[in-house]
Amino acid sequence: RKRASESRSLPQPSWEERLANAVTPLWRLPYHEQLQVKYESQRKILQILASRLEELGIDAQKPGGFCCPLQPVVPSPIINGYRNKSTFSVNRGPDGNPKTVGLYVGTGRERNIVCVKASHVQNIPSKHKQVAQCYEEFIRCSPLDSCILFHEGGHWRELVVRSTSCGHTMAIITFHPQELGQEALAAQKTLLKEFFMCGPGAVCALTSLYFQESTMTRCSHEQSPFQLLHGAPHIFEELLGLKFRISPDAFFQVNTAGAEVLYQAVGELCQATGDIVLLDICCGTGTIGLSLAHRVSKVIGVEVVEKAIEDAEWNAAFNGISNCEFHSGKAEAVLPQLLASWEDARPLVAVVNPSRAGLHYRVVRAIRNCPSIRRLLYVSCKPEGEAMRNFLELCCPPDPRKKLAGEPFAPVLAVPFDLFPHTVHCELVLLFTR
């Protein structure tokens with residue numbers, strides 16, 4: 001009882017501190033200590049992988065219990081305000097206002113979600129915070145309600161802000177149409193456009209303003225088109241001397257300066273030189289393949305987001321790169337067909353950079369069963385998750401029941417890259433060979 005009363009009497013952290021602890025849990029640590037925390041977490045992941053491989057009958061134990069050597073975490077060139085994409089929610093704030101634009105503290109399961117303004121969060125740039133503040137000002141003046149639960153009505157939903165080192169800023173506003181007719185929708189779009197073009201929101205100097213009508217938590221462009229209300233259809237980023245076009249939903253590494261360091265290292269680890277063909281799986285806007293195109297004979301990119309492939313093809317043409325081809329579609333549909341008919345005598349090196357969901361089993365099987373792939377780089381933002389399943393599928397003994405006939409891979413080197421300072425996450429690059 002005494003302890004409980006003592007804990008109640010302790011000063012409670014402010015909402016700002018609670019949000020910082022939730023979104024950037026390492027924010028209080030000096031940066032060199034953050035890197036050490038991340039090194040230890042990656043070390044544990046490699047030890048788990050080694051023990052899982054041992055269970056499969058593979059002698060994977062190296063000194064320290066690792067499955068392969070682990071290099072120190074490569075630091076981010078930028079520590080604060082590095083994010084080039086931020087997603088802000090709309091919900092009830094600490095004061096109860098349902099039109100608060102910020103980030104969540106709490107969970108839906110616990111039913112204790114509070115939306116806290118992110119003006120103090122260290123990894124979000126000031127430009128993103130400014131757009132979020134202006135959006136909040138706009139919706140608070142709107143007679144339409146925010147949409148917190150779809151079935152309870154309301155309209156104003158999340159805001160995505162993307163920016164580039166070239167000074168471009170894109171804002172994407174998600175809106176639940178509910179029962180509004182086209183005339184009422186058009187009126188809201190006009191008000192938004194006027195607010196950000198010549199009203200108080202003009203201070204944001206947006207390059208692009210998009211609007212998406214969405215009745216689902218997340219919608220692709222194909223499901224519900226992004227409607228350009230103002231400005232240019234794309235923003236542009238420069239990376240490793242190349243210019244990249246970015247669409248509203250195209251994937252681009254969230255830390256541009258960190259991505260440059262990562263992609264340079266990927267090129268070295270791939271040994272991408274001479275007559276090599278580089279297979280860039282989950283290629284997004286083509287950043288990895290295009291940045292290495294000058295070092296190899298050919299690049300083949302595969303990506304599910306159709307708009308990202310359009311960007312990749314534009315990026316190749318704009319930068320005068322002619323040795324790249326890009327395939328739009330799910331990797332599990334495109335890759336098996338592509339590799340089954342592979343007759344090119346040139347050595348094939350694969351780079352995979354999937355989402356947190358990892359690679360589909362059919363993608364792993366296609367890679368395993370293609371004897372031309374002797375070297376594979378797996379770039380993972382969550383190696384302890386579904387990627388672990390992929391690692392085991394790549395390295396397990398041949399299994400006719402799973403149609404894994406190809407020679408297994410073996411992990412030979414792990415290099416973590418800190419693309420997410422102040423958070424517990426980092427990007428792990430695992431090199432596999434056979």
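Is Gln182 buried or exposed? Gln182 is exposed, with a relative accessible area of 59%. The model discussed here is predicted. The points below cover the annotated features, two helix environments, two buried residues and two loop residues with positive phi.

**Gln182 and its position**
- Gln182 belongs to helix α5, an element that spans residues 182–197.
- Along the chain, Gln182 and Cys282 are 100 residues apart, and their C-alpha atoms are separated by 37 Å.

**Annotated features**
- An unreviewed UniProt entry carries the annotation "domain: Methyltransferase" for residues 275–338.
- In the model, the span 275–338 is 42% helix and 25% strand, and its end C-alpha atoms lie 19 Å apart.
- UniProt, again in an unreviewed entry, places the feature "active site" at Cys381.
- Cys381 sits in the loop that runs between β14 (373–380) and α11 (386–395).
- Not counting residues up to four places away in sequence, Cys381 touches Arg356, Cys426 and Glu427.

**Helix α4**
- Helix α4 covers residues 126–141, 16 residues in total.
- From the first C-alpha of α4 to the last the distance is 23 Å, close to the 22 Å expected at 1.5 Å a residue.
- The buried residues of α4 are His128, Val131, Ala132, Cys134, Tyr135, Glu136, Phe138 and Ile139.
- These buried residues pack against four strands, β1 (85–91), β2 (100–105), β4 (156–163) and β5 (169–175), and against helix α5 (182–197).

**Packing of α10 and α11**
- Helix α10 (residues 361–368) packs with α11 at an angle of about 30°, and the two axes are 10 Å apart.
- Because angles under 35 degrees count as roughly parallel, α10 is roughly parallel to α11.
- On the α10 side, the contact is made by Tyr361, Val364, Ile367 and Arg368; on the α11 side, by Arg389, Asn390, Glu393, Leu394 and Cys395.
- The crossing of α10 past α11 is right-handed.

**Buried polar residues Lys38 and Asn84**
- Lys38 lies in helix α3 (residues 31–55).
- Lys38 counts as buried because its relative accessibility is 0%, and buried means under 20%.
- Outside the residues up to four places away in sequence, Lys38 touches Leu26, Val73, Asp418, Phe420, Pro421, Thr423, Val424, His425 and Cys426.
- Cys426 is thus a contact of Lys38 and also of Cys381.
- Asn84 is located in the loop between α3 and β1 and is buried, with a relative accessible area of 7%.
- Leaving aside neighbours within four places in sequence, Asn84 is in contact with His128, Val161, Arg162, Ser163, Phe252, Gln253, Val254, Asn255 and Thr256.
- His128, one of the contacts of Asn84, is listed among the buried residues of α4.

**Loop residues with positive phi**
- Most residues other than glycine have a negative phi.
- Gln178 is not a glycine, yet has a positive phi of about 50°.
- Gln178 is found in the loop between β5 and α5 and is partly exposed, with a relative accessible area of 25%.
- Lys403, also not a glycine, has a positive phi of about 60°.
- Lys403 lies in the loop between α11 and β15 (410–417).
- With a relative accessible area of 56%, Lys403 is exposed.

Conventions: Residues numbered from 1 in each chain as written. Predicted model: local features only at pLDDT ≥ 70, side-chain atom pairs only at ≥ 80, totals over all residues. Heavy atoms only, no water. UniProt positions renumbered as here; feature names shortened; annotations may be inferred. Helix = DSSP H or I, 4+ residues; strand = E, 2+ residues; numbered from the N terminus. Contact = heavy atoms within 4.5 Å. Expected span 1.5 Å × (residues − 1). Buried < 20%, exposed > 50% of the residue type's maximum accessible area, 1.4 Å probe, protein only. Axes fitted to C-alpha atoms, helices over the stretch in contact; angles between N-to-C directions. Parallel < 35°, antiparallel > 145°, perpendicular 65-115°, else oblique. Left-handed = near helix turned anticlockwise from the far one by under 90°.
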